[in-house]
Amino acid sequence: MRVELASDLFPNPSSELHIHAICCLAFDGRHRLIIEDDQSPSFQKWLNSMSQPIQSQWSIALKNGYLFEAREPARRKLRVSDRPLSDWGKPIPDLTPSDAADYLTKPFRAVLEDWKSDRAFLIAVAQPEFREALQALERLGSLTFENGGGISNQAVKLKTDGALGSRETSRLWAMFDSDALSPGMPSNQAKFLEGVCQTHGIVHHRLTRRCIESYLPLDELRGWAYSKAKEAPARRPVFEAFLKLRDDQRHHFNLKAGFRGDEKRDDRTNAVPLYHDLDPGVRAALDTGFGGSIAEIFQSSFVDETVLRRDGSWAELNTMVRTLIELVR
């Protein structure tokens, strides 16, 4: 995030403590610090009045800020100026030093349906440099992954956050399943949640395929199905039947609960009949799916770019992870 300190703050900031706090956060790598006019006599007079260690900290923070901005301009920006009240309604929010310091100490929030499995999914499908960036941002405290508690609760959570305005929504990103029974037909809950995000300006990603497990490469799924002697006899026939599905059928199959898990879906009649010509034996093998533990696969492995490209999911997943990093950095 780019944070610009206005010239009118110097040489006598109304809240010097908060100005230094903003610099310390930039020094730690939490945001990029920019001075509206870093060569102005007022700023130079103020900076030169500081001790040498503090001047050095400011110099490093500013150098890094300008360097990172030159390489990759920040997607999010705010301005800090000498004003009585913050204005969050501007295209670039204009804040008081105290409000800015308070805002910048808080992490960017990635709100997920299930923080544990969805976080593991994001880390697993990210290319190595993006994976390292996500993990570094999380360690730094710039990024936190929050549990939405399922798609319905996630909608309630984001609606509540959205009501707080841009002060909250500007540091939010959401990812959720489409729950689509067929291509381009997200569930009513997914459409409602996307509407909440659009209404409140929350950047989000609704998965194109049904759920995170729909992006599991076949080799990873095969290894999981065959690896444990105790579970393999039950998983093997399900996997072999799954191999016989077309791509569009695999991408929208209920991997956890199978066909039986969709029997009570009220939108079944609106979905494209993907499985109407399925062999009865294949259908029977897929009736109850792989079980809920399938989500654990992403927690124990990374997925190579070559595999994702071959699977046809690289463009979507790479763009999704890149967007999240651009919002946080």
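This briefing walks through a few helices, strands, charged pairs and buried residues of one protein structure. The model is predicted, so keep that in mind as you look around. A search of the whole structure finds 28 salt bridges, and a few of them are picked out below. You will also meet an open sheet of four strands and a helix with a buried side and an exposed side.

**A helix with two sides**

- Start with helix H2, which covers residues 41-48; Phe-43, Trp-46 and Leu-47 are buried there.
- These three lie on the same side of H2, because they cover an arc of only 95° around the axis.
- Turn to the other side of H2 and you will find Pro-41, Lys-45 and Asn-48, which are exposed.
- What do the buried residues of H2 pack against? Their partners are helix H1 (16-27), strand S2 (32-35) and helix H3 (52-71).

**An open sheet**

- Four strands line up in the order S2-S1-S3-S4 to form an open sheet, and their pairing is parallel.
- S2 and strand S4 (94-95) are the edge strands, since each pairs on one side only.
- Strand S3 (residues 77-80) runs parallel to S4, and two bridges join them.
- If you look for Val-80, its bridge partner in S4 is Leu-95.

**Salt bridges to look for**

- Glu-69 and Arg-32 form a salt bridge, with their closest N and O atoms 2.6 Å apart.
- This pair links distant parts of the chain: Glu-69 sits in helix H3 and Arg-32 in strand S2, 37 residues apart.
- Both partners are buried, with a relative accessible area of 11% for Glu-69 and 6% for Arg-32.
- Another salt bridge brings together the side chains of Asp-287 and Arg-260, at 2.5 Å from N to O.
- Asp-287 is in the loop between H13 and helix H14 (305-311) and Arg-260 is in the loop between H12 and H13, so the pair ties together parts 27 residues apart in sequence.
- Here the partners are partly exposed: Asp-287 has a relative accessible area of 21%, and Arg-260 has 48% relative accessibility.
- Within helix H14, Glu-305 and Arg-309 are four residues apart, about one turn of the helix, and they form a salt bridge with closest N and O atoms 2.7 Å apart.
- Salt bridges that share partners also build one network, whose members include Arg-2, Glu-4, Arg-32, Glu-69 and Asp-94.

**A buried charge without a salt bridge**

- Asp-118 belongs to helix H5 (residues 115-125).
- How far away is the nearest side chain of opposite charge to Asp-118? That side chain, Lys-256, is 7.6 Å away, and Asp-118 is buried yet has no salt bridge.
- A polar atom of the Asp-118 side chain does lie 3.2 Å from the backbone nitrogen of Glu-113.
- Beyond its neighbours within four places in sequence, Asp-118 is in contact with Leu-112, Glu-113, Met-175 and Ile-212.

**Buried residues in loops**

- Asn-254 lies in the loop between helix H12 (247-251) and helix H13 (280-285), and it is buried, with a relative accessible area of 11%.
- The side chain of Asn-254 reaches the backbone nitrogen of Ala-257 at 3.0 Å.
- Pro-186 has its place in the loop between strand S7 (172-176) and helix H9 (188-200), and it is buried too, with a relative accessible area of 12%.
- Not counting residues up to four places away in sequence, Pro-186 touches Ser-178, Ala-180, Lys-191 and Arg-206.

Terms used: Residues numbered from 1 in each chain as written. Predicted model: local features only at pLDDT ≥ 70, side-chain atom pairs only at ≥ 80, totals over all residues. Heavy atoms only, no water. Buried < 20%, exposed > 50% of the residue type's maximum accessible area, 1.4 Å probe, protein only. Contact = heavy atoms within 4.5 Å. Lys, Arg positive; Asp, Glu negative; His and termini not counted. Salt bridge = Lys/Arg side-chain N within 4 Å of Asp/Glu carboxyl O. Polar contact = N/O pair within 3.5 Å; in protein donor to acceptor, adjacent residues only side chain to side chain. Arc of directions from axis to C-beta. Pairing = 2+ DSSP bridges.
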